[in-house]
Amino acid sequence: MKRLIGLIIILTITLGVAYYVSQNLTPQKSLHPLGKFYLKNSYFGDYSAKSPEAVTSIVWDYRGLDTLFETAVFFIAIIGSLTLFRLSKEQSEEAKQGEPKRELPEPVCAVTKIIVAMILAVSASIALHGQLTPGGGFQGGSALAVAPLLIIAAYSKYALEKNGLDKTRAIIIRSIGLLGIALTALTPLLVKGYFMQNQPIFPGKALGAPLGGSLVYYNLFEYLAVGAGFTAVFLLLSIPEEKFRKFLGVKQ
Amino acid sequence: MISLLWSVTIVSLIVTLIISVYGIAAKPNLVKKLIALTIFGDTANVLVVLLGYRVIYPVKPPILPVWKESALQSFLNTAVDPLPQALVLTAVVIGMAVNILIAFAIIQIYRIYGTLDVREAGRFLPNLLRRGE
């Protein structure tokens, strides 16, 4: 009852303030000039990114440096997580010892197999069509990371590791992705362009498919980096609690 | 009516921000602090997206539907601002990575100290520092 009164007071105050504010508030109907510039120039215009998707062209072209540093923040956050849970060589070998077994009933596992395949296809589509439709490397990578998570839930993490996707491989894939981003950003310097320049160095179209210049490469590499980075983290999180307490030397 | 709904949206988001800041400061449990932090981050993201929204009908996503220069004007009249969306897009994934880092730290604190309460965990810390001298 006491909580309910607090809730009602908050609701009343919110609605009252909202009513008071609404008398002098006109909802926003026009575009900001900067937004208009991006919408105009995304596909046509002198500063074109050759991509009809304005959001992706901002993320990887107009504001590419911002995204590069945000990727650096992502990189450091994942490295920090891996460092907090670091294991010695013997310990990580011991963490891999276990039987891949079905932890959930048969129908759940069968459905998981189908859904994992679908998630892989959908996440690749999100990432590789990022220059045409809503989506891109970040979203595709986050969707990709759901697939190993589902396998861990339905089959346990040993199934994933027995099939070749262990923590080291995930970190290697992630490093390949980050290296690809860095190399794509440095490529324009070879032909006397600017750092992270898109047009006219990268081809806007290939075989009739619009690529958006460098956007498709950035999206592909970011997809790998985000997906594999989260996979490595999930693999570490799924180490059983008893094993980890043994490694740390704390009692139950 | 529309301006009332618009202001209800904005004010309720700001109230959510205030409540989540209260949660971060006042709750002693680390997991509850993390939950409040994620609510804070998501609300901030929604507020930023709201900055670029246009209260018109019809309103379209910032993707060029027809690749002709003649279609550009009607596109400009209906599309929302792409810049806040682009800023939020990266912020969501970065926020998730930073949340994972905090979650890892909380799990490790629980394993070592056996408690999630900051008042109890704080009592262990001076002993730990003294031992290292």
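Two residues are taken to be in contact if their C-beta atoms, placed from the backbone, lie within 7 Å. With that in mind, we can begin where the two chains of this predicted model meet: the contact takes 51 residues from chain A and 42 residues from chain B. On the side of chain A that touches chain B, the elements that give two or more residues are α1 (2–22), α2 (33–41), α3 (54–62), α4 (64–84), α7 (137–144), α11 and α12 (241–248) of chain A. Of these, α4(A) gives the most to that side, with 9 residues. Sorted by class, the side of chain A that touches chain B holds 32 nonpolar, 12 polar and 7 charged residues.

One place to look across the boundary between the chains is the pairing of α3(A) with helix α4 of chain B, which covers residues 82–113. Two packed helices are described by the angle between their axes and the distance between the axes. Here the angle is about 60 degrees and the axes are 9 Å apart, which means that α3(A) is oblique to α4(B). The crossing in which α3(A) passes α4(B) is right-handed. From α3(A), the contact is made by Ala54(A), Val55(A), Ile58(A) and Val59(A), while α4(B) brings Pro82(B), Leu83(B), Gln85(B), Ala86(B), Leu89(B) and Thr90(B). These residues divide into 8 nonpolar, 2 polar and no charged.

Two of the names just met, Ile58(A) and Ala86(B), return when we turn to the largest nonpolar core, which has 60 residues; together with Leu220(A), Phe221(A), Val233(A) and Ala97(B), they are the residues with the most contacts inside this core. Helix α11 of chain A, residues 215–237, gives the most to the core, with 17 residues. As for Ala97(B), leaving aside residues up to four places away in sequence, it touches Phe74(A), Ala77(A) and Ile78(A).

Finally, chain B offers a helix pair of its own, in which α1 (residues 2–26) and α2 (residues 30–51) have axes that come within 8 Å and cross at roughly 155 degrees. Because angles over 145 degrees count as roughly antiparallel, α1(B) is described as roughly antiparallel to α2(B), and the crossing of α1(B) and α2(B) is left-handed. Among the residues that make this contact are Ile10(B), Leu13(B), Leu17(B) and Val21(B) of α1(B), and Leu37(B), Phe40(B), Thr43(B) and Leu47(B) of α2(B). By class, the contact of α1(B) with α2(B) has 12 nonpolar, 5 polar and 2 charged residues.

Methods: Residues are numbered from 1 along each chain as its sequence is written. Chains are lettered from A and ligands numbered from 1 in the order in which they are written. This is a predicted model: local features need pLDDT of at least 70, side-chain atom pairs count only at pLDDT 80 or more; totals for chains, interfaces and linings use all residues. A nonpolar core is a set of buried Ala, Val, Leu, Ile, Met, Phe, Trp, Tyr and Cys residues joined through C-beta atoms within 7 Å. A residue is buried if 20 or more other C-beta atoms lie within 10 Å of its own, exposed if 12 or fewer, and partly exposed in between; C-beta atoms are placed from the backbone. Helices (H or I, at least four residues) and strands (E, at least two) are DSSP runs, numbered from the N terminus. Ala, Val, Leu, Ile, Met, Phe, Trp, Tyr, Cys and Pro count as nonpolar, Asp, Glu, Lys and Arg as charged, and the others, Gly among them, as polar. Axes are lines fitted to C-alpha atoms, for helices over the stretch in contact, and angles run from 0 to 180 degrees between N-to-C directions. Angles under 35 degrees count as roughly parallel, over 145 as roughly antiparallel, 65 to 115 as roughly perpendicular and the rest as oblique. A crossing is left-handed if the near helix is turned anticlockwise from the far one by less than a right angle, and right-handed if clockwise.
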